[in-house]
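Okay, thanks for squeezing me in today. I'll put the structure up first and then talk you through what I got out of it.

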Amino acid sequence: MGSNFKHKLLIAMSLFKPDAEKTLQGTLDAAKSIAARLITAKALLAEHHATAIELARDNADDATLDQAEREIRVAQIRVDSLSATLAEADQQILQLEQELAAVDDKKQREAAAFEIEKTAEGFASAAADAVTSLGALALHTEAMARFLPDAADLHSFALRAKAELPGSIEMLLMLARSHTDAALAGHNRAMLRAPVASDTRPRASQAAEMAEQP
């Protein structure tokens, strides 16, 4: 995979998010203000309706009724305008929330990809050292087997491991690359599993603890 991670620069992007969060907060504040004005406008419309009914009941003249009806129409237009504006604000809020969720998901996937590649690079380096060490070990065990027969088994193991290890290493690196691509493409989990803590206590202690359990 190399030291220049393919997705290292992707971690530093997401400059969009602060602007989107600011825009979202502004839109939320505006929506709250519009909703409050709409409540007032509806109350005023209801009041104008009640006034017009009362005037008609009192047999008011046409000019007075016309004025009352004009006030109703103006109030209705205000209610309709505020309702439409609030609906647009709600739609914009939904869109911004979806965009922010997508940015968060993308950031998590990029972070996962970076962590995978960083881990794979460390593995590749350690694996290369292991192959080199196994080669050196095989040379020494071969020499020791000339006068220590007990070294023969270790020599066979070193030779076998040295022969099999490169293929296993390449397979794991290939799987890591596939895992990285899948995480970025959304086909794999965006968050890596937490490392499993290994129990380093002596096996005797572990066995004793298990025996004490009911």
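I'll go from the overall fold to the core, then the salt bridges, and then a few spots on helix H3.

One thing up front: this is a predicted model, so please hear everything I say with that in mind.

Let's start with the overall picture. The chain has 214 residues, and its secondary structure comes to four helices and zero strands. So if you read along the sequence, you get α-α-α-α. As for burial, 23% of the residues count as buried.

Now find helix H2, which runs over residues 62–144. That's 83 residues, and from the first C-alpha to the last H2 reaches 121 Å. At 1.5 Å a residue you'd expect 123 Å, so the value we get is close to that.

Let's look at how the chain gets into H2. In the loop between H1 and H2 you'll find Asn 59. Asn 59 isn't a glycine, and still has a positive phi of about 60°. Is Asn 59 buried or exposed? Exposed, with a relative accessible area of 68%. A bit further on, at the start of H2, a side-chain oxygen of Asp 61 reaches to within 3.1 Å of the backbone nitrogen of Ala 63.

Okay, on to the core. How many residues are in the largest nonpolar core? There are 18, and the ones with the most contacts inside that core are Leu 24, Ala 31, Leu 38, Leu 45, Val 79, Leu 82 and Leu 86. Two elements give two or more residues to this core, namely helix H1, residues 16–57, and H2. H2 gives the most, with ten residues.

Next, charges. Searching the whole structure turns up four salt bridges, and I'll show you some of them.

Stay on H2 and go to Asp 105, which pairs with Arg 109, with the closest N and O atoms 3.0 Å apart. These two both lie in H2, four residues apart, or about one turn of the helix. And here's the textbook bit: an α-helix has 3.6 residues a turn, so residues three or four places apart point the same way. What I like about this pair is how the two partners sit. Asp 105 is partly exposed, at 32% relative accessibility, whereas Arg 109 is at 13%. The cut-off for buried is under 20%, so Arg 109 counts as buried.

Further along H2, Glu 115 forms a salt bridge with Lys 118, and there the closest N and O atoms are 3.5 Å apart. Glu 115 and Lys 118 are separated by about one helical turn because they're three residues apart in H2. What about their exposure? Glu 115 is partly exposed, with a relative accessible area of 31%, and Lys 118 is partly exposed too, at 38%.

Then there's Glu 170 with Arg 177, whose side chains meet in a salt bridge at 3.0 Å, N to O. Glu 170 is partly exposed at 43%, and Arg 177 is also partly exposed, at 33%.

Last stop, helix H3, residues 151–185. Which residues make the nonpolar surface patch of about 370 Å²? That would be Met 171, Leu 172, Met 174 and Leu 175. Two of those I can place for you: Met 171 is in H3, and Leu 175 lies in H3 as well. Met 171 has a relative accessible area of 43% and Leu 175 has 46%. A patch residue needs over 30%, so Met 171 clears that bar, and so does Leu 175.

Leu 175 also gives us a sense of how distant parts of the sequence are placed. Its C-alpha is 9.9 Å from the C-alpha of Ala 120, and those two residues are 55 apart along the chain.

You can do a similar thing with Ser 156, which is also found in H3. The C-alpha atoms of Ser 156 and Thr 141 are separated by 8.7 Å, and the residues are 15 apart along the chain. Ser 156 itself counts as partly exposed, at 40% relative accessibility.

That's my tour. Happy to rotate the model and go back to any of these spots.

How values were computed: Residues numbered from 1 in each chain as written. Predicted model: local features only at pLDDT ≥ 70, side-chain atom pairs only at ≥ 80, totals over all residues. Heavy atoms only, no water. Polar contact = N/O pair within 3.5 Å; in protein donor to acceptor, adjacent residues only side chain to side chain. Patch = residues over 30% accessible without salt bridge, like charges linked within 9 Å, V, L, I, M, F, W, Y side chains within 5 Å. Areas by Shrake-Rupley, 256 points an atom, 1.4 Å probe, with all protein chains shown as cover. Buried < 20%, exposed > 50% of the residue type's maximum accessible area, 1.4 Å probe, protein only. Core = buried A, V, L, I, M, F, W, Y, C linked by side-chain atoms within 4.5 Å.
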